[in-house]
Amino acid sequence: MNQTVQAHGLMPGLRITNYSQWCSLQKHLQTGGTLTPLLPLGNDAAIVWVPKNGCSTIKRVWLQLQGCHEQQLLSDPHGSALHHTYWLTPEELKIAAQHRALIAIWRDPIDRFVSACRSHLIELTRAKIDQKLHANTVDEASCREALEYQRNLFLQHGIASFADDADPIYAMNDVALQLQHWIPCHIDWSHHTIPQVAYLGGDPGCYHSLHGMENINELIEHWQTVSGMEIDASSQHVSRDLEDENPWRRLKRQHLTPEALRALHQFYSADWAFLELAQTVLKTEKSDQQAA
C-alpha cells in the first residue's frame, strides 16, 4: 500500500455517508472481515470505538471534545459520531499507529454479549423485525418482499424469530448456542455481537494502550484535564434504570446455562487470544520505553 499519513494530515480509511455503505460495511464484518472504527483525538492520538464497549459514552465525550454541546446531537452520539469515523483496514491501522497514539476499550466477551442481549435481544422478536422492515421500505410491495427475504434467510440458517412474549432468558441462551447463525441474519443485532477483533484488528501492537470498561471514567478524567474542558460523561440507557418496566433489561450473566457459556467461550476465542497477546505486547513495549 502506497498510502502515507502525517500527524497533521488526512486520515486513511473509509467514511460512511449513507445507509447503503453502512450495510455493505456490516456484511463485510459479518463474513469475517476486519475494519477498525477510529475517531481522531487532536493531531497525535485516536480512540477506537467498539459497539457495547462503552462506545455511547466515548462518542458523547468525543463530540464534546470537538466543541459540540447541542443536546440533539449528544442524545444520538452514534449517528452524530458516525460521520466523523474513519474505518481502517488492518494495513491502514498500522499506518495510523505510526503517527497517532491509538487507544481502545476491551471488554470481557461474555459480559459484552449479555449487555447486547439486554439492550438489543428484543429486536429478534417477530413484532420488532416486522416493525423494522416496515419502517425501512417505501411501500407495501417492498415490505412484503423484505419479509419474504428475511423468512428465507432464517430458513437458510436454521433459525427463527422469537415470539413477542418469549422468555428473555430462554431467548438469550438459544441465541448463544446459535450465534454464528444469527449474526448474518440481522444487521442491528450483529454489530453488537460480532467479536471485538473485527473492530480492533488482530495486532494489539498497533495500540498505545488498551483499557478495561472499569477504566473509562479514569480515561475521561484524563481527557478533561488535558483539554481543560468540562465534560458531561453521564451514562445513558443504563439497564438497571429500565429493568422494572422491561424484562429484557433484567438479563444477567448468571442466566446463561453451562452449555451457552461454553458456546460463547468458543465463539469469542479470538477476543480472548487478542487480550492475552496484548498483555504481553503492551507490557513489553512499556518496559522497553522505560528502559530507553
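Okay, let's start with His120, which sits in helix H6, residues 109-120. Keep in mind as we go that this is a predicted model. Is His120 buried or exposed? Its relative accessibility is 16%, and buried here means under 20%, so His120 counts as buried. What does His120 touch, if we skip residues up to four places away in sequence? The list is Lys52, Asp188, Trp189 and His192. With His192 there's a bit extra: the two side chains make a polar contact of 3.3 Å.

Let's zoom out for a second. The chain has 292 residues, and 47% of them count as buried. You'll find 15 helices and 5 strands in the chain. Now take the contacts between residues at least 6 apart in sequence: 77% of those join residues at least 24 apart. As for the outside, the accessible surface is about 15,100 Å², and carbon and sulfur atoms account for 50% of that.

Next up, the inside. In soluble globular proteins, nonpolar side chains tend to be buried together. Here, the largest nonpolar core has 81 residues. Which of them touch the most other members? That would be Trp87, Phe113, Leu121, Val175, Trp189, Tyr207 and Leu256. You've met Trp189 already, as one of the residues that His120 touches. Let's pick Leu256 and look around it. Leaving out neighbours within four places in sequence, Leu256 is in contact with Ile110, Phe113, Val114, Met172, Asn173, Ala176, Leu261 and Leu264. Phe113 is on that contact list, and Phe113 is also among the core residues with the most partners in the core.

Now for charges. Side chains of opposite charge can pair when their charged atoms come close. How many salt bridges does a search of the whole structure find? The count is 5. One of them joins the side chains of Asp232 and Arg60, at 3.4 Å from N to O. Those two come from distant parts of the chain, 172 residues apart: Arg60 is in helix H2, residues 55-65, while Asp232 is in the loop between helix H13 (216-227) and helix H14 (258-267). Their surroundings are worth a look too. Arg60 is buried, with a relative accessible area of 4%, whereas Asp232 is partly exposed at 37%.

Another salt bridge is Asp108 with Arg253, where the closest N and O atoms are 3.0 Å apart. Asp108 lies in the loop between strand E4 (101-106) and H6, and Arg253 lies in the loop between H13 and H14, so this pair ties together parts that are 145 residues apart in sequence. Arg253 counts as partly exposed, at 30% relative accessibility.

Then there's a pair within one helix. Arg151 and Glu148 form a salt bridge with the closest N and O atoms 3.3 Å apart. Both are in helix H8, residues 140-157, and they're 3 residues apart, about one turn of the helix. Arg151 is partly exposed, with a relative accessible area of 45%, and Glu148 counts as partly exposed too, at 37%. Going back to Arg253, salt bridges that share partners join Asp108, Asp111 and Arg253 into one network.

Last stop, the cysteines. A disulfide is a covalent bond between the sulfur atoms of two cysteines. How many disulfides are there here? The count comes to 0. Two cysteines to look up are Cys23, which is buried with a relative accessible area of 15%, and Cys55, which counts as buried at 6%.

How values were computed: Residues numbered from 1 in each chain as written. Predicted model: local features only at pLDDT ≥ 70, side-chain atom pairs only at ≥ 80, totals over all residues. Heavy atoms only, no water. Helix = DSSP H or I, 4+ residues; strand = E, 2+ residues; numbered from the N terminus. Buried < 20%, exposed > 50% of the residue type's maximum accessible area, 1.4 Å probe, protein only. Contact = heavy atoms within 4.5 Å. Areas by Shrake-Rupley, 256 points an atom, 1.4 Å probe, with all protein chains shown as cover. Polar contact = N/O pair within 3.5 Å; in protein donor to acceptor, adjacent residues only side chain to side chain. Core = buried A, V, L, I, M, F, W, Y, C linked by side-chain atoms within 4.5 Å. Salt bridge = Lys/Arg side-chain N within 4 Å of Asp/Glu carboxyl O. Disulfide = S-S within 2.5 Å.
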